[in-house]
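Reader: I am new to this structure. Please take me through it in short steps.

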Amino acid sequence: MSFLFILPCVVILLVISVFPLIYSLWLSFNSWELAMGFPPEFIGLANYIRLFQEARFWNAMLNIGKVLLFGVGSQFLIGLALAILLDRAIRGKTLLTTLFLLPMVIAPVVVGCTWRQIYHYQYGPLNYILQKMSFAPITWLSNPRFSLPSIIISDTWEWTPFMMVVILAGLQSIPDQLREAAAIDGASSWKIFTNILFPLLKPVMIVAILIRVMDAFKLFDLVVLLTQGGPGESSETITYYNYLVGFKHFSLGYAAALSYVQLVVIIVIANFFLRFLKEKEV
């Protein structure tokens with residue numbers, strides 16, 4: 001009888017979560033060109049075969065790989081440095097922490113619009129500074145060399161505070177007695193960090209990196225607001241490519257196959273990090 005109390009919740013979860021998952025999986029094995037008015041046609045693995053043979057898919061995967069390597073990597077290093085700074089007893093610590101957290105709480109649309117103005121060729125403050133330093137202005141968003149780095153810089157500015165606050169929480173959870181004992185034994189600040197703090201922070205850092213990798217893999221909003229994947233396909237990420245396939249060209253079967261490839265890649269990455277985390281715990 002008690003099952004009846006949770007039955008409405010179970011039904012809602014099945015309808016809004018499990019059913020779309022199963023339906024999209026079935027759809028990925030079909031060809032459904034919605035704009036042409038044809039019904040779904042079962043084609044087996046043809047969507048997946050086409051996917052792995054398409055250069056545009058691999059370009060999008062390469063771009064998102066650069067975002068993960070350079071973007072998340074920069075966020076981790078800068079966030080770690082800021083966390084170490086704020087862990088010290090410095091004046092204005094509360095104010096600094098609040099200021100550093102501001103980019104993370106700003107709406108992504110506002111972040112994208114703000115950085116679009118910063119990158120403006122003629123009126124942007126970034127090119128103004130470059131000109132004052134006797135450098136030529138850069139077409140940040142319309143140059144294939146700089147379009148993806150521009151997105152990475154904006155994403156790093158927005159999400160470095162997340163890394164900082166997670167690592168800072170980890171630092172503050174480490175007992176002060178460990179640092180004091182090491183300092184009494186004559187250990188330098190570098191030795192204390194590398195031999196005590198860093199090993200204890202590894203689980204926290206792995207979880208923070210995992211969360212950011214999973215989120216950055218789905219990068220979409222900054223791409224839309226800054227470059228729309230251009231010029232050409234130079235800054236096109238896998239999520240933006242999926243959006244174009246599904247909502248611009250209405251190839252719903254192919255878009256579903258793209259989504260499931262993304263899902264599998266994210267699961268593989270998550271399992272790698274979780275396995276690494278378990279090894280560290282042992």
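The questions below deal with a predicted model, its pocket, its salt bridges and its cysteines.

Reader: How much space lies in the largest pocket?
Author: The lining includes Ile 84, Leu 171, Trp 190 and Phe 193. The space in this largest pocket is about 290 Å³.

Reader: Which element gives the most to the lining of the largest pocket?
Author: Ser 189, Trp 190, Ile 192, Phe 193 and Leu 197 are among the lining residues. Two elements give two or more residues each: α3 (55-87) and α9 (189-216). With five residues, the top contributor is α9.

Reader: How many nonpolar residues does the lining of the largest pocket have?
Author: Asp 87, Arg 88 and Arg 179 belong to the lining. By class, three lining residues are charged and one is polar. The nonpolar residues number six.

Reader: Which residue forms a salt bridge with Asp 87?
Author: The partner lies 92 residues away in the chain, in helix α8 (residues 176-184), while Asp 87 is in helix α3. N and O are 2.7 Å apart in this bridge. Both residues are buried, and both also line the largest pocket. The partner is Arg 179.

Reader: Is Glu 236 buried or exposed?
Author: Glu 236 forms a salt bridge with Arg 56, with the closest N and O atoms 2.7 Å apart. Arg 56 sits in helix α3 and Glu 236 in the loop between α10 (221-226) and α11 (238-248), 180 residues apart. Arg 56 is partly exposed at 26%. Glu 236 has a relative accessible area of 1%, and the limit for buried is under 20%, so Glu 236 is buried.

Reader: Which residues are linked with Arg 56 in a network of salt bridges?
Author: One partner is the loop residue already met, Glu 236. The network also takes in a second glutamate. The residues linked with Arg 56 are Glu 233 and Glu 236.

Reader: Where is Arg 212, which meets Asp 155 in a salt bridge?
Author: The N to O distance in this bridge is 3.1 Å. Asp 155 and Arg 212 are both buried. They are 57 residues apart, with Asp 155 in helix α7 (residues 147-172) and Arg 212 in helix α9.

Reader: How many salt bridges does a search of the whole structure find?
Author: Asp 87 with Arg 179 is one of them. Asp 155 with Arg 212 is another. The search finds five.

Reader: How many disulfides does the structure hold?
Author: Cys 9 has 46% relative accessibility, so Cys 9 counts as partly exposed. Cys 113, at 41%, also counts as partly exposed. A disulfide needs two cysteine sulfur atoms within 2.5 Å. The number of disulfides is zero.

Conventions
Residues numbered from 1 in each chain as written. Predicted model: local features only at pLDDT ≥ 70, side-chain atom pairs only at ≥ 80, totals over all residues. Heavy atoms only, no water. 1 Å grid on protein atoms, 1.4 Å probe; cavity = no way out; pocket = protein on both sides within 12 Å on 5 of 7 lines; lining within 4 Å. Points joined across faces, edges and corners; volume = space filled by probe spheres on them. Helix = DSSP H or I, 4+ residues; strand = E, 2+ residues; numbered from the N terminus. Nonpolar A, V, L, I, M, F, W, Y, C, P; charged D, E, K, R; others polar. Buried < 20%, exposed > 50% of the residue type's maximum accessible area, 1.4 Å probe, protein only. Salt bridge = Lys/Arg side-chain N within 4 Å of Asp/Glu carboxyl O.
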